[in-house]
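Biologist: I am new to this structure and would like to learn how to read it. Could we go through it one feature at a time?

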Amino acid sequence: MPNDQIIIRGAREHNLKNVTLSIPRDKLVVFTGLSGSGKSSLAFDTIYAEGQRRYVESLSAYARQFLGQMEKPDVDTIEGLSPAISIDQKGTSKNPRSTVGTVTEVYDYLRLLYARVGHPHCPVCGREVRRQTVEQMADHVERLPKGTRVMVLGPVVKGRKGEYKTLLEDVRKSGFVRVRVDGSLYEISESIPMDKNKKHDVQVVVDRIVVGPEQRTRLVDSIETAARLGGGSVIIAPVEGGEELQMSQDYACPYDGTSVPEPEPRNFSFNSPHGACPTCTGLGSQLVVDGDLVVPDPSLSLREGAIAAWSKSQFFYPELLESVCKFFGIDMDKPWSKLTKPQQNVLLNGTGDKKIRFGYKNQYGHSRWYESPFEGVIANLQRRYEETQSEYLKAELERYMSRGGQRALGGQGDRLLRQAGALRTGAAHRARNLERDTRAAAVHDRRRSGIPHDRARGQHIERRGVTAHQACDADRFEADGCALHPR
């Protein structure tokens, strides 16, 4: 059977008269003809119907009971047919949330695929995130060479400022003797140097154990205690030095604390609040104030209303603009195009943290003044747009806004949450596991040979995995150019 063709023999669905033909694969094929000649009968009721029927029959008996029985189309044979999708003949949608993937429902299958076979990774450091029980943690520790001496640590402070005298006193009252602060071991009874203005890591030493099958019960109890102290996180540190094991009972990275939701299909939908990017709400772009629309006619001066958004105001904004111009020596009667770039920039983008003096007259006609940073015209309009509940004001402000991509705004450019984009599947996940196991074997060989840890580690080449964003982008399941871009 040729792999480059779809061969149809004896198609008799509806008004087809025993049609036999070959259709090339991986090509754009168009059926043309008069109304009633059988175009839809061949494309939808024969080829697509048979592709769907074969797909449903490949499912389990349990799944098929919910889908119903699909009848075989009236055709002798169809060879070389893959699972098919159908796009109905209807008007195109102007909804920016509608893509080729959502219209054809292919995206539903992709979301289910990633939720079932994907492996969560930390979006910050890229490490795999696993949820482990206490028993699984103990099994992981027992894979270390027999006789290895380890400390079981419960992290109580991760990268936070403070002296934590009260916390250490509570730990002492709970019966613990030692803590590890910023990598150094201390007796709780001694004075522990901690600068309240610097970040610290504090771990309670729950137990020191020699790895071996006879210590299983003690190891499980110690890990359970450490997990309770660390909010689900446990650190296993070899006493003689080496790579530490950081484990967690939750879908949270034990290295930087980033939480990752349990993979579910809704987490990979940009039309769901559970998966949509909070910055763009799943649209892939934002309405932002456009400087060219704020000043549509550069030939006008500030006094003539060059800043269109403020030109209609009779109070506050004219006084505000006059105070800024007075402070920076900007001529309000000079055309906007004649102002220098720094002068235009300070008016549009503000003064940052620098305070300037503003003057105004109150309702009684008395002059008053105050000092404050100037936020700039663009930031002022953007803030008012995001804070207002008035649809009328939003419509007015949208006249000075354009839709900008998230990359231009300093965002990720994705429609999904970062946590969803950090999920990996297939070969990429296996490559990372192989890399991790190779490092673990190198550490084990180093311990046996006595080679210093830094020399045994060698150079580490990180393989980037395939994310949900990249896979969807590769298959072109986006219609508006801003959906599911690769990281």
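Modeller: Keep in mind that this is a predicted model. Start with the aromatic rings: a search of the whole structure finds 7 aromatic pairs.

Biologist: Which residues do ring pairs link into a cluster?

Modeller: Trp 310, Phe 316 and Tyr 317 are the residues linked in that way.

Biologist: Rings can also have a charge over them. Which ring does the charged end of Lys 394 sit over?

Modeller: The ring of Tyr 385, with 5.5 Å between its centre and the charged end of Lys 394. There is also the charged end of Arg 415, which sits over the ring of Phe 270 at 4.0 Å from the ring centre.

Biologist: Phe 270 and Arg 415 are a pair to remember, then. Which residues is Arg 97 in contact with, leaving aside its neighbours within four places in sequence?

Modeller: Both Phe 270 and Arg 415 are among them, and so are Thr 102, Asn 271, Thr 281, Gly 282 and Leu 283. Take Gly 282: in sequence it is 185 residues from Arg 97, yet their C-alpha atoms are 7.6 Å apart in space.

Biologist: Where is the place of Arg 97?

Modeller: Arg 97 lies in a loop, with β3 (75-79) on one side and α3 (100-103) on the other. Its relative accessibility is 24%, so Arg 97 counts as partly exposed, given that buried means under 20%.

Biologist: What about contacts across the protein chain?

Modeller: Count the contacts between residues at least 6 apart in sequence: 66% of them join residues at least 24 apart. The chain has 487 residues, and 39% of these count as buried.

Biologist: Now the cysteines. What is a disulfide?

Modeller: In general, it is a covalent bond between the sulfur atoms of two cysteines. Here the count comes to 0 disulfides.

Biologist: Why does Cys 122 have no such bond?

Modeller: Because the closest cysteine sulfur, in Cys 125, is 3.7 Å from the sulfur of Cys 122, which is too far for a bond; the cut-off is 2.5 Å. Cys 122 counts as buried, at 2% relative accessibility. Cys 325 counts as buried too, with a relative accessibility of 2%.

Biologist: And the secondary structure?

Modeller: The protein chain contains 17 helices and 13 strands. For one example, look at β5 (residues 178-181) and β6 (residues 184-187): they run antiparallel and are joined by 4 bridges. Arg 180 has Leu 185 of β6 as its bridge partner.

Biologist: How many residues lie between the strands of that hairpin?

Modeller: There are 2, and in this hairpin Asp 182 takes a positive phi near 55°.

How values were computed. Residues are numbered from 1 along each chain as its sequence is written. This is a predicted model: local features need pLDDT of at least 70, side-chain atom pairs count only at pLDDT 80 or more; totals for chains, interfaces and linings use all residues. Side-chain values use heavy atoms; hydrogens and water are left out. Buried means under 20% relative accessible area, exposed over 50%, partly exposed in between (1.4 Å probe, protein chains only). Contact means heavy atoms within 4.5 Å. Rings of Phe, Tyr and Trp (its six-membered ring) pair if their centres lie within 6.5 Å; planes under 30 degrees apart count as stacked, over 60 as edge-to-face and the rest as tilted. A charge sits over a ring if NZ of Lys or CZ of Arg is within 6 Å of the ring centre and within 35 degrees of the ring normal. Two strands pair if DSSP finds at least two bridges between them.
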